[in-house]
Amino acid sequence: MLRLPRTARPFAPAASFRSAPGHGRFISATTTRTPIAIAFDIDGVLKQGPVVLPEAVRTIRMLEGDNPWKQKVPYLFITNSGGKDEKVRAKDLSNDFQTTVSPKQVVQAHTVMQSLVDTYKDKAVLMIGGPEYPPGASRQVLEGYGFRQVYTVHDLQAYAPPSFPYGDPIPDQQVAVKKRVDFSKVHFEAIFVFHDSREWGRDIQYMVDILRTQQGVFGTVETNEQIRNRAPIPIYFSHGDLLWGNDFPVARLGQGAFRTALEAVYKRVTDGIELPATTFGKPELMTYEYANALLQDLIRDTSKDASSRVAPENVWMIGDNPFSDIHGANNFGWSSALVRTGVFRDVEGPPAHKPTLIVDNVEEAIKAIMQRTWS
C-alpha cells in the first residue's frame, strides 16, 4: 500500500498547471493515455452532512478536464444513502458540485432493488425507513421503480393505532398520504428496508409482526414451531453499514446497526430462530456489478469509441469506510483510496480492509491517481 504523508502534494492545484509533472512541455490532449474511471462515496468524502467540502468542488473540476492533461475522466457516485429518486439525487449533486450530474451517474443503496421488480411487481411489500418528508416521497421512489403495492408503517399504525401504543400520533402530513386499505385482506410477501429507519422501536415492532404472521396478514401470529417449518417472509436491506460519517465528529450508527438490533429481538421473540435476509448496497457484489456497467458506458461515451473499456485496476473507489467502500472495491478488483474526512480515523489503527492509497481528502486522492497513472 502506498501511503501518502499528510504533507504530500502530488502536484499543485490544477488551475496553476502549465505542464505535466515530470515533463518539460505540455502533454497534448490528443495523447493516448490509460483510461481511468472514478467511483465516489458521498458522505464523509465529498460532503459532511449537508456541508459540501471545498475540495470536492475542485475535485469535480479536475475530472471535468481542469488538470494538466486536459483530460476528462468519467465518474459516478455510489452511496449507501438514498431516500430519493435518482433524478432528484442527480439534481441535488449538480447543485452541490456546480456541475451537471446525470441520473446514470448515481447508484444509491436502493437503486439495485429495481432487480426485484419482476418478483414483487404486483405483490404487497412493507417499506421501512427513508426520509418521511416530504410525505409520501419515499414510497413514490419504489412505485417509480415499478412496485405497485407498497405499504408503510404509517399505513399500519393508522389502520390499527394500538399496534404501536408508545409512539406519537401520526403527523397530519403523513395521514394525508397514507393508504386506506383493509389489511385483513392484504398478504405481505416481503419487507424492503428502503432506507435507514427513523424510529427503531416502531419499525422493529412492525417488522417482527409481519415476519410472524399467518400468510403475511397483519394482526395474525403463528407459533414458533410453525415459523420454523415454513419458508420465511423475505427481507431485503438496502445496505449494511454499521457506521457512517456526517458533520458530527464521531461516526453514527447506520442500517447495519438497525439490522443487528432487529435480529436480536426477532431471535429472542421466536426462541432462537435466525433471521435470513438479503443485503444490497456497498460492499455487496451486485452493487459493484451495476456500477461497473454504468462506468463502462461512461468511458465509451467519453472516448467516443464503442470498444473502449477501463481495466478493473484503473477503476478507483474513493471512500471513507473500510468496511463498505474499500472492502467492496477490493473484492471486485478495483483500486481504492481511503480518505480521512469520514468514518476512518488513524487513531483507531490500520483499516480493516487495505486500500491502495490512504490520503487526507478526495482532492489528494484524485491528484495521486492521475499522477501515478499518467505521469
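In which helix is Ser 324 found? In this predicted model, Ser 324 belongs to helix H11, which covers residues 322-332. With a relative accessibility of 2%, Ser 324 counts as buried, because buried residues are those under 20%. When its neighbours within four places in sequence are left aside, Ser 324 is in contact with Asn 80, Asp 241, Lys 282, Pro 283 and Tyr 288. Two of these partners, Lys 282 and Pro 283, are themselves joined by a cis peptide bond, with omega at about 10°. Pro 283 is placed in the loop between strand E13 and helix H10, the latter spanning residues 285-303. A further cis peptide bond runs from Tyr 133 to Pro 134, where omega is near 0°, and Pro 134 lies in the loop between strand E7 (124-128) and helix H4 (137-145).

The domain assignment divides the protein into domain 1, made of residues 37-108 together with 285-374, and domain 2, made of residues 111-279. The C-alpha centres of the two domains are 30 Å apart. Across the boundary, 23 residues of domain 1 are in contact with 19 residues of domain 2, and the two domains bury about 1,500 Å² between them, of which 55% is on carbon and sulfur atoms. On the side of domain 1, the residues that lose the most area to domain 2 are Asn 80, Gly 83 and Val 343, which together account for 31% of what that side buries. Asn 80 also appears among the contacts of Ser 324. The count of salt bridges between domain 1 and domain 2 is 0.

In the whole structure, by contrast, a search finds 18 salt bridges. One of them brings together the side chains of Asp 92 and Lys 84, with a distance of 2.5 Å from N to O. Asp 92 counts as partly exposed at 24% relative accessibility, and Lys 84 is likewise partly exposed, with a relative accessible area of 31%. Another salt bridge is formed by Glu 274 and Lys 267, whose closest N and O atoms are 3.0 Å apart. Here Glu 274 counts as exposed, because its relative accessibility of 53% is over the limit of 50%, whereas Lys 267, at 38%, counts as partly exposed.

The salt bridge between the side chains of Arg 340 and Asp 360 has an N to O distance of 2.6 Å. This pair links distant parts of the chain, 20 residues apart: Arg 340 is in the loop between strand E15 (335-339) and strand E16 (357-359), while Asp 360 is in the loop between E16 and helix H12 (362-374). Both Arg 340 and Asp 360 are buried. Salt bridges also link Glu 132, Glu 199, Arg 202 and Asp 203 in a network.

A buried residue of another kind is Met 113, which lies in the loop between strand E6 (106-107) and helix H3 (117-120). Its relative accessible area is 0%. Not counting residues within four places in sequence, Met 113 is in contact with Phe 147, Phe 192, Val 193, Phe 194, Tyr 236, Phe 237, Ser 238 and Phe 280. The C-alpha atoms of Met 113 and Leu 242, which are 129 residues apart along the chain, are separated by 20 Å. Leu 242 in turn contributes to a nonpolar surface patch of about 360 Å², together with Trp 200, Leu 243 and Leu 253. Within this patch, Leu 243 belongs to strand E11 (residues 243-244) and is partly exposed, with a relative accessible area of 32%.

Two loop residues were examined for their backbone angles. Gln 98, in the loop between helix H2 (86-97) and E6, has a positive phi of about 55° although it is not a glycine, and at 56% relative accessibility Gln 98 counts as exposed. Asp 271 also has a positive phi, of about 60°, and is not a glycine either. Asp 271 lies in the loop between helix H9 (255-269) and strand E13 (278-279), and is exposed, with a relative accessible area of 59%. Leaving out residues up to four places away in sequence, Asp 271 touches Asn 224 and Arg 228. Although Asp 271 and Asn 224 are 47 residues apart along the chain, their C-alpha atoms are separated by 7.2 Å.

Technical notes. Residues numbered from 1 in each chain as written. Predicted model: local features only at pLDDT ≥ 70, side-chain atom pairs only at ≥ 80, totals over all residues. Heavy atoms only, no water. Patch = residues over 30% accessible without salt bridge, like charges linked within 9 Å, V, L, I, M, F, W, Y side chains within 5 Å. Areas by Shrake-Rupley, 256 points an atom, 1.4 Å probe, with all protein chains shown as cover. Salt bridge = Lys/Arg side-chain N within 4 Å of Asp/Glu carboxyl O. Helix = DSSP H or I, 4+ residues; strand = E, 2+ residues; numbered from the N terminus. Buried < 20%, exposed > 50% of the residue type's maximum accessible area, 1.4 Å probe, protein only. Domains from an automatic or database assignment. Contact = heavy atoms within 4.5 Å. Buried area = accessible area lost by both parts, 1.4 Å probe.
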